[in-house]
Each structure stands twice: as C-alpha cells, then as structure tokens.
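Me: Could you take a close look at one part of this protein for me, the aromatic pairing and what surrounds it? I work at the bench, so please spell out the cut-offs as you go.

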Amino acid sequence: MTDDFYERLPNGVREPDPTLGRRVRQQLPQPTDRAVVESLPPAPDNEPPPKPEHHARPKRERVILADPRRGSGTLRARVELEEQTSWGKLLVKDHLVKVQLRTALLLSGLVVVVFGSLPVLFYLLPGFSRLSLAGIPVAWLILGVLPFPFLFAVGIWYNRLAERNERAFVDMIEN
C-alpha cells in the first residue's frame with residue numbers, strides 16, 4: 001500500500017484502496033499488572049473513630065477521551081473527503097449531491113403544482129373568487145396569506161430531509 005492510499009494500475013490510473021471506509025479491528029491493550037489488595041488490621045475498640053476531614057482533596061482519576069476502538073478506515077474515508085481527492089469527489093457527487101438534488105426537485109415540484117393549480121382553480125370556479133370571509137375576499141387570503149406558511153413548512157421539511165440525507169451519507173462513510 002502506498003502512502004496516499006491509492007494503488008497504481010499498469011496504465012497509470014490511480015484506484016482507491018479497496019479497504020477504504022472499512023473498519024479495522026484493533027486489539028485493546030490488556031493490563032499486565034493486577035492490583036493487590038491488602039487487608040487492614042481491625043480498629044481498636046476503646047478509641048473513638050477518627051473524624052472525617054471535610055476539606056480532603058478528592059482522589060485523582062485519569063480521564064481518557066480518545067476511543068481506541070475506532071477504526072482507521074473511518075479516518076481514511078474522512079481524509080479522502082477533506083482533501084477532495086478523486087475518490088472523495090466521486091463519493092460526494094454520486095451519492096450526496098444526487099440525493100439532495102432529488103429532494104430539492106421533488107419539493108419544488110410540489111410548490112409549483114400547488115401554486116400552479118390556484119389560477120386553474122379560479123378559472124374553473126369563477127364563483128369561488130367572489131366568496132368572502134369576514135369581509136375579506138377568499139382569493140386574497142389564498143393568494144396573499146396562505147403561501148407564506150406553506151412555503152415556510154416546505155422549507156422546514158426540506159431542511160429536515162437534507163439533514164437526514166447528510167447523516168445517512170456520514171453513516172455510509174463511517175461504516
């Protein structure tokens with residue numbers, strides 16, 4: 001394996017490492033020394049128990065933040081994406097961009113169908129445009145008020161779908 005995670009074919013084309021993105025199982029280090037527990041002599045009966053110190057310093061503990069079980073395959077896939085190599089670009093272009101584009105086109109198609117049907121509705125039902133609600137024509141409410149909550153709801157829906165697609169892409173890369 002080369003230092004840039006690519007294999008060279010005879011025609012000079014670089015191919016990505018076939019283990020790219022796969023987890024590599026690593027053995028966790030095993031403790032070699034066992035703790036020895038010694039028993040203490042019993043306390044004498046005639047002395048009162050010692051008073052606890054209220055300002056005693058707590059025992060120091062070692063905190064380890066790194067997860068040693070994490071494989072190096074995840075790191076390689078992230079490096080491919082961060083350095084924007086040809087393999088990383090292919091991953092993003094083939095998967096993430098296509099899914100995001102499909103989501104955007106479907107939701108924009110929904111908006112076009114809903115807003116495009118309004119003139120047809122007013123043309124087919126001419127009496128509908130003469131209706132009023134609390135002195136305000138219904139056509140004004142439909143054209144001037146209702147599009148804003150509808151567009152806001154579609155925007156929130158798209159945002160949630162886009163975040164779900166990005167999480168699925170990251171899960172695909174890490175696994």
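Reply: Happy to help; here is the setting, then the pair, then two other spots.

This is a predicted model, in which local features need pLDDT of at least 70 and side-chain atom pairs count only at pLDDT 80 or more, while totals for chains, interfaces and linings use all residues. Residues are numbered from 1 along each chain as its sequence is written, and side-chain values use heavy atoms, with hydrogens and water left out.

The protein has four helices and four strands (DSSP runs numbered from the N terminus: H or I of at least four residues for helices, E of at least two for strands). Read from the N terminus, their order is β-β-α-α-β-β-α-α. Of the 175 residues, 19% count as buried (under 20% relative accessible area; exposed is over 50%, partly exposed in between, with a 1.4 Å probe and protein chains only). Among contacts (heavy atoms within 4.5 Å) with a separation of 6 or more, 67% join residues 24 or more positions apart.

Now to the rings. A pair of aromatic rings is described by the distance of the centres and the angle of the planes. The structure holds two aromatic pairs (ring centres of Phe, Tyr or Trp, the last by its six-membered ring, within 6.5 Å; planes under 30 degrees apart are stacked, over 60 edge-to-face, the rest tilted). One of them joins F115 and F150 edge-to-face, at 5.7 Å centre to centre and with 75° between the planes. F115 sits in helix α2 (residues 86–124) and F150 in helix α4 (residues 147–174), so the pair links distant parts of the chain, 35 residues apart. Both rings belong to partly exposed residues: F115 has 27% relative accessibility, and F150 has 23%.

Helix α2 also holds V120, which is partly exposed at 44%. V120, Y123, L124 and L125 make up a nonpolar surface patch with about 470 Å² of accessible area together (patch residues have over 30% relative accessible area and no salt bridge; nonpolar side chains, namely Val, Leu, Ile, Met, Phe, Trp and Tyr, are joined within 5 Å, like charges within 9 Å). A salt bridge is a side-chain nitrogen of Lys or Arg within 4 Å of a carboxyl oxygen of Asp or Glu.

Finally, a backbone detail. Most residues other than glycine have a negative phi. A134, however, has a positive phi near 55°. A134 lies in the loop between β3 (132–133) and β4 (136–137), and is exposed, with 78% relative accessibility.

Notes. Accessible areas come from the Shrake-Rupley method with a 1.4 Å probe; for residues, only the protein chains shown count as cover.
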